[in-house]
Amino acid sequence: MSVKILGKSKGFYDTYERRPGNNKEQTHYCPGCGHGILHKMIAEALTDYEVAENCIFVSPVGCSVFAYYYFNAGNIQSAHGRAPAVATGVKRALPESVVISYQGDGDLAAIGGNEILHAANRGEAMTVFFVNNAIYGMTGGQMAPTTLIGQKTTTTPYGRTLQNEGYPIRMAEIIASLESPVYVERVMMADVRSKNAARKAVRRGIKNQIEKKGFSFIEVLSTCPTGWKMTAPQSEEWIKSTLVQNFPLGVYKDIAQQVEPLDMSQNLATPARVPKLIGLEQDKVMIDAASIKLSETIDQEIKIAGFGGQGVLSLGVWLSEIGMREDLEVSWIPSYGPEMRGGTANCHVKLSREAIGSPLVTHPTVLVAMNRPSLEKFEDDVIEGGAIVWDSSLIDIEPKRDDIIRIPIPATEIAKELGNTKTSNVVILGVLAGYSDFLDPIVVQQVLPLIFKKRHLLEINLKAFQKGLELGRQLSA
Amino acid sequence: MAKQFVKGNEAIVKGAILAGCRAYYGYPITPASEIAHAAAQYMPLVGGTFLQAESEIAAINMVYGAAGTGTRAMTASSSPGFSLKQEGMSYLAGAELPCVVVDITRGGPGLGNIAPEQSDYHQVVKGGGHGNYKNIVVAPNSAQEMCDLTMLAFDLADKYRNPAVVLADGFIGQMMEPVDFPEPVEEFAEKKWAIRGVDGDRMNLISSIELDPDDLERHNQKLQRKYEIMENSETRFEEYRLDDADFIVVGYGIVSRMVHTAVDQLRIEGVKVGMLRPITLMPFPTKRISELAAMDHVKAFSVIELSNGQMVDDVRLAVNGAKPVEFYGRMGGNVPSIKELVREIKRMMRVL
Ligand SMILES: Cc1ncc(C[n+]2csc(CCOP(=O)(O)OP(=O)(O)O)c2C)c(N)n1
Ligand code: SF4
């Protein structure tokens, strides 16, 4: 099983050192195999265009799995069918390189059907060589997606049938039906003329990439004398007489001349610029921790619940943001999973001087209930002596318990008077700041501008906060 | 640098970018999608690549390609998606390509649900794909660690040329906590093995094939040596109130947060219990656990997991019969309450 590639091109290594055994001069392909011929055409094109050293060759699983023995390029060997995905990762990282994805028909059209389709559809700026030999060569002549109806293989011993395996798949036509590919051609390796045409197609596929034109796809009807159980000349004959009848040659798509070169420029940020770019610069609001007046027994476990859209989760986040700036340990976690469906939402907030263990609040010190189901659901969980704040303009019942602090607030009503019902959660924030000893109103006022960046929103929310703060103070007095 | 109040899932992406990651390939899945959202937002801002792949299989292979060029690359998914990535993990390990994969575990098997579980321990820590390989695995338990351990994962991955997994769950991903973001990594060791599309690296090869049995055995032995070195120098864990503990609870990830609180409550009652939290699951703190098992004051262990009992196997191997090892687990996305944990720890302590 070895053929010498005559007149070795610079696109190949001088000797094939990676090839096991003593024979470092010849390829591992069977005599008359189309892979060897195609390899040579690719190597020549890489040499002629002087891009071999910029080429990264992604080899598949199949007989050409060892393409890296030969190509004097950067070589990456990939999993079965995944070469176009691997090539995508390579090309995106190194847009200036010439990336070749080389695949057989089992690799590309069966196991890798999804990867090739999407790489083509994205128009990845790579060149794909698709060796269609209508059989699985490497694994012992099994059926490929391109095997012909009636063709005998080791897994279709009575011939491929329409009923059992369906029609052979025509990849060039499928790929050409997509918008993005710029060049799709099917060629064959049968005689001098067809090989010349194939050579041209190979060159165009590579040239397109050098010119940043996008995705090129060259399907090559290729001999597999071993799998087909034929001699090399018989194989070429069979391509001409039979295979090509099922896979018509031709250019299926060519818009390479019409399309503009892709902008492949890369602008990787230096590490030093990263924090600014991803919003990690120091907060403008610096709070002097010494000025914060909080009680000693600060630990709060707060549950906030209501309809989605009432700003329940946001209120929790704000409490935590404020707590963080008061130099407390804080955690926030939303109700998570199926609970979130059906329009009700709740979140758990913990504020503590100590490191927080479990972020879950099972027995709140404070329950904020923004609708009736929330009050009903969580009232019993509140610790003895804890507080329940509820929106009395929306909830027509009252807590049943009398061992808790009851804080009815017509939050929605107040918000409506201020001209925006959405501010009801900020009214509650104000109440908590005015009533309790775990929020410092000064800190809250410094944090609000960070939350409401638009000026008109900030204005109305500052008013809502003020209103809540007054209410809270009155109630606590 | 800035302290920010962020979700664990976002902390992962910011940490990754600070660690120099410039390629993210992913496929949406709850509860990991926010990682993709954040990557889609931030990667382009630093000139990196964000691409939504056609599947998890494609995503991990794109990472394989990017990693092959020496780029710091990552992907993130949740359990069913990690199952699909297993093929790629094996190839990455075989080709010795560094990368970071995040698994925000959800309930299984099959489609299961989107609630938090720890049932991917086996498939992540034990390799999961084919062959004699292991992933580096870190298990954060806070938003801060989602950032820090993701950054560490990139460093370890590069240092050992091995894929690293950040194994977390939906809870830590969804949870918001203050994160003190560190300074960006400025210096990276040169990757001489990478394929950069330049003349000098044409003799390099990214591949997992070794046809010759002796070569493949040598390659595998090299991998095992790597894992051994990691065991000796990269094992990380946290101990809490173990000094006089007669009962040690072992838990990782979100469970460790619950156990922490339960231990505090039990200590108030005078119960001498402490916690050991593995921070790296591979390498696993085997040595430390066997040391503890040999101590007189330590009477027994228990392992608490959101699973059918997976990490408990490793604890049992480490304890090696020296002391009893009990187990308590919840599944399906149920998270035990502190009350429940206190009750169960007391129940398990009856072995004393
Ligand atoms: C996941 C996986 N499944 C199956 C195989 C076995 N396998 C190796 S090559 C191959 C078929 C290759 O056929 P084709 O792509 O037509 O290439 P050819 O050998 O004909 O060039 C198969 C099924 C594998 N390596 N990996
Ligand atoms: S089996 Fe077929 S495809 Fe494979 S090397 Fe031999 S002739 Fe070529």
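Is A:Asp381 buried or exposed, or what else should be said of A:Asp381? A:Asp381 is partly exposed, with a relative accessible area of 25%, where buried means under 20% relative accessible area, exposed over 50%, and partly exposed in between (1.4 Å probe, protein chains only).

The close-up views come from a predicted model, in which local features need pLDDT of at least 70 and side-chain atom pairs count only at pLDDT 80 or more, while totals for chains, interfaces and linings use all residues. Residues are numbered from 1 along each chain as its sequence is written, chains are lettered from A and ligands numbered from 1 in the order in which they are written, and side-chain values use heavy atoms, with hydrogens and water left out.

**View 1. The surroundings of A:Asp381 in a loop of chain A.** This residue sits in the loop between helix H12 (372-378) and strand S12 (387-391) of chain A; helices (H or I, at least four residues) and strands (E, at least two) are DSSP runs, numbered from the N terminus. Apart from neighbours within four places in sequence, A:Asp381 is in contact with A:Thr362, A:His363, A:Pro364 and A:Arg401, contact meaning heavy atoms within 4.5 Å.

**View 2. A:Arg82 and its salt bridges to A:Glu115 and B:Glu87.** A salt bridge is a side-chain nitrogen of Lys or Arg within 4 Å of a carboxyl oxygen of Asp or Glu. Between A:Arg82 and A:Glu115 the closest N and O atoms are 3.4 Å apart, and this pair links distant parts of the chain, 33 residues apart, with A:Glu115 in helix H4 (residues 113-122) of chain A. Both of these residues are buried. For A:Arg82 and B:Glu87 the closest N and O atoms are 2.9 Å apart; A:Arg82 lies in the loop between S2 and H2 of chain A and B:Glu87 in helix H4 (residues 79-95) of chain B, so the pair joins two chains.

**View 3. The residues that surround ligand 2.** Among the residues around ligand 2, each with a heavy atom within 4 Å of it, are A:Cys30, A:Cys33, A:His35, A:Cys63 and A:Cys224. By class, this shell has six nonpolar, four polar and no charged residues, where Ala, Val, Leu, Ile, Met, Phe, Trp, Tyr, Cys and Pro count as nonpolar, Asp, Glu, Lys and Arg as charged, and the others, Gly among them, as polar.
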